[in-house]
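Biologist: Could you take a close look at the salt bridges in this model for me? I'd like to know who pairs with whom, and how buried the partners are.

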Amino acid sequence: MAKATRIESRTGLDTASLEAGIRDHLRFTLARDEYSRTDWDVYRATVLAVLDRLHDGWLETQRGYYRDDRKRVYYLSMEFLIGRLLDSAVINLGIQDEVRTAVKALGYDYDHLRESEADAGLGNGGLGRLAACFLDSMATMGIAGYGYGIRYDYGIFQQKIEQGFQVEQPDRWLRYGNPWDIVHPNVLHPVHFYGESVPYTDSDGRLRFHWENAQKVMALAYDMPVPGYGNGVVNNLRLWKATSPKSLDLRSFNQGEYIDAIRDTQLTENISRVLYPNDKVFVGQELRLKQEYFLVAATLADIFRRFKNKHTDLRQLPDKVAIQCNDTHPNLAVPELMRILIDDEGLDWDTAWGITTKTVAYTNHTILPEALEKWPVSLMRNLLPRHLQIIYEINKRFLNQIHVQFGDDLNRIRRMSIISEGEQPAVQMATLGIVGSHKVNGVAALHSELIKQTIFKDFVELWPEKFTNKTNGITPRRWLRQCNRELADLISSKIGDGWITDLDQLKGIDNLATDKGFVKAFAAIKLRNKQKLAAYIRQEMGVNVNPEALFDIQIKRIHEYKRQLLAALHTAALYNRIKADPKAPFQQRVVLFGGKAAPGYHMAKLHIKFINSLAAKINSDPQVGDKLKVLFLPNYSVSLAEKMIPAADLSEQISTAGMEASGTGNMKFALNGALTIGTLDGANVEIREEVGDENIFIFGLKVEEIEELRRNGYNPRDWYLTNPELRQVLDQVRNGFWSPDDPGLFHPITDALLDGGDYYLLLADFGAYAEAQKQVEALYAKPAEWNAKAIRNVARIGKFSSDRTIRDYADEIWGV
């Protein structure tokens with residue numbers, strides 16, 4: 001008689017054990033049976049059963065780091081766009097099929113069930129998604145890495161489209177709680193604001209400072225597991241929630257003064273209430289600066305707590321701790337680390353500065369000078385008085401160094417100062433990060449070169465060895481294995497599944513680009529992905545699109561430099577071609593947009609309205625029919641990207657050359673078999689090098705051509721007058737063709753393009769873009785050639801794994 005399989009409801013990885021674990025949690029944790037349970041209950045029970053399997057590895061991983069005294073990496077980011085976690089966890093544990101079967105035994109469909117999970121929208125876009133990919137890679141590579149961020153009550157807003165306009169609604173992702181996180185009441189750090197810095201003389205006669213009369217906020221730790229793929233490692237994402245240090249004022253409460261009793265608590269908790277308030281208003285500025293210091297202060301307190309468990313010599317800190325600042329937002333780590341070392345630990349300035357600069361590193365994400373963060377000195381003096389003192393001292397010593405090296409070059413000194421001059425002096429956060437760190441990296445080869453030649457040129461002349469490039473990457477676990485399972489399985493059937501942790505192995509399918517059987521299977525998977533997306537569009541938007549058409553997709557934050565407007569104007573031109581000759585042959589196309597505009601960014605929001613106005617007219621025109629459809633898919637998120645990217649034929653990466661730091665959407669699309677149409681901007685440059693000129697559609701002005709055009713005087717009307725198709729489109733926009741009920745609605749668009757200088761050079765690039773799109777159509781009409789190029793994109797994209805990026809950070813910046 002066969003021996004029965006032992007069921008381990010807490011730890012077993014087989015289907016029976018997982019089913020038993022889910023049933024146990026339904027009954028004993030959630031008090032639900034087959035008569036009372038809902039989809040949400042079954043989802044929560046499934047998460048709890050998965051967490052049972054993670055917790056043992058989580059504890060063992062952390063014990064191992066302590067036992068081996070590993071150097072730890074602390075990745076500080078104001079944003080972590082982690083999306084849904086169930087799929088990621090079960091894939092990295094290797095139990096996706098077992099969980100699917102266990103859930104089915106309970107009468108539920110796994111794909112339907114995972115829709116119950118809210119997207120953890122703790123980020124605006126690429127910055128936060130990159131951070132999430134990096135955490136996955138650190139765990140998969142066994143690096144002792146910790147993510148640190150803020151547990152916002154409300155993440156990136158929910159986007160509704162009403163009458164074509166974006167409307168923002170609160171993102172209540174914590175409405176029903178977050179089953180993935182664990183609160184640690186014993187990990188509670190005080191964070192101080194306001195007050196004054198008071199000098200005193202210590203017992204050795206040295207000048208010291210006390211930070212007195214400060215307001216105190218408590219940072220409470222919530223932990224989320226970050227499992228590595230197939231290696232038993234479970235790292236940690238720690239998110240801080242702001243809480244009041246005071247208990248409820250019962251005397252006020254008992255006297256009926258309820259508002260007074262809870263007022264302080266509410267004001268304190270506002271710090272972690274919402275992701276990035278609009279910083280155009282002074283109060284919003286103060287709250288955002290509070291958020292940044294709250295993250296930094298709580299995290300450094302945690303770092304010191306952990307370090308002191310094993311070490312007493314603070315000079316060892318750089319050997320055991322690496323702090324990586326994801327953009328300028330956490331760069332207050334520099335003065336905060338100095339404050340701790342000098343004020344709390346009693347070190348002298350030079351020793352503290354040596355420790356700080358060897359510990360901190362800074363990643364820059366922009367080349368636009370106006371996007372570099374700066375804080376008014378008046379605001380920082382009020383909110384963080386001791387830190388402003390430290391920053392002034394850092395700046396004084398730094399400028400002395402400039403003077404010694406470059407003499408009395410006042411313009412250079414003015415350009416390099418951490419404190420800008422003028423009516424409202426400000427702390428330049430990027431400069432603070434450069435001066436206070438041992439490495440500064442850009443995020444794509446072009447970006448890293450441009451920042452060295454432009455915004456950071458003076459600093460490169462001083463410290464050429466400090467600047468480096470770390471081209472961004474994406475995790476293949478989520479962006480192929482998870483979101484495109486059929487394609488992942490097809491690839492694994494040919495070359496094995498080693499590519500999941502070594503993406504360069506995808507080169508093994510390069511020679512299958514002309515294999516008829518492989519090409520047929522590849523094309524069939526792409527069609528099924530398009531059919532799934534078409535079904536989603538029909539369900540959510542009530543519009544039928546033809547899955548056989550070319551799916552042309554642009555999904556990213558809505559911004560003028562990303563040039564969604566260029567694609568929209570081209571779509572209008574396509575419509576005009578159809579109307580001019582309805583019987584002419586035409587490549588069927590579905591143009592899809594998605595993305596959110598910042599609530600205060602009126603031009604970007606007008607672009608969304610314009611796209612929706614195009615859709616309203618084009619999609620209802622019987623002469624057009626299925627030849628052309630255009631849609632703006634609302635509320636873009638990680639989960640929506642996971643539906644759209646596998647279905648894309650054409651990936652739109654059309655930013656003005658020199659303005660996109662890297663981009664990672666371009667990598668995700670190529671990994672899933674889309675061809676790129678793009679400018680030589682960001683990581684597009686390196687993607688072209690990897691996939692080959694013949695497998696990508698490059699158009700438009702290059703960085704140096706743009707510089708020359710601007711020097712010589714760019715007049716957008718020259719392009720308007722010499723391109724009849726462009727002129728027709730812009731005249732329609734200006735004359736109210738797309739907005740008959742409000743003919744002047746889109747005048748700000750044409751005014752910016754024709755009379756406002758067309759800063760992002762849409763008109764200069766329109767003709768080249770339209771020609772490149774004709775090449776796209778010609779190739780798409782030859783399915784064998786198109787699919788061969790798509791397969792070569794997949795095969796040659798291995799460089800852009802976040803595993804490779806993290807390996808570069810580990811080797812060249814962190815020393816782990």
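Modeller: Let's fix one word to begin with: buried means under 20% relative accessible area, exposed means over 50%, and partly exposed is in between (1.4 Å probe, protein chains only). Bear in mind that this is a predicted model, so local features need pLDDT of at least 70, side-chain atom pairs count only at pLDDT 80 or more, and totals for chains, interfaces and linings use all residues. Residues are numbered from 1 along each chain as its sequence is written, and side-chain values use heavy atoms, with hydrogens and water left out.

Now, D87 is buried at 6% relative accessibility. Its side chain meets that of R114 in a salt bridge, 2.2 Å from N to O; the term means a side-chain nitrogen of Lys or Arg within 4 Å of a carboxyl oxygen of Asp or Glu. D87 sits in helix 3 and R114 in the loop between helix 5 and strand 3, so the pair ties together parts 27 residues apart in sequence. (Helices, H or I of at least four residues, and strands, E of at least two, are DSSP runs numbered from the N terminus.) R114 itself is partly exposed, at 24%.

D119 and R84 also form a salt bridge, at 3.3 Å. D119 lies in the loop between helix 5 (110-113) and strand 3 (120-122), and R84 in the loop between strand 2 (80-83) and helix 3 (86-93), 35 residues apart. D119 is buried at 17%, and R84 is buried at 17% too.

Elsewhere, D409, R412, R415, K457, D458 and E461 are linked in a salt-bridge network. The count comes to 62 salt bridges.
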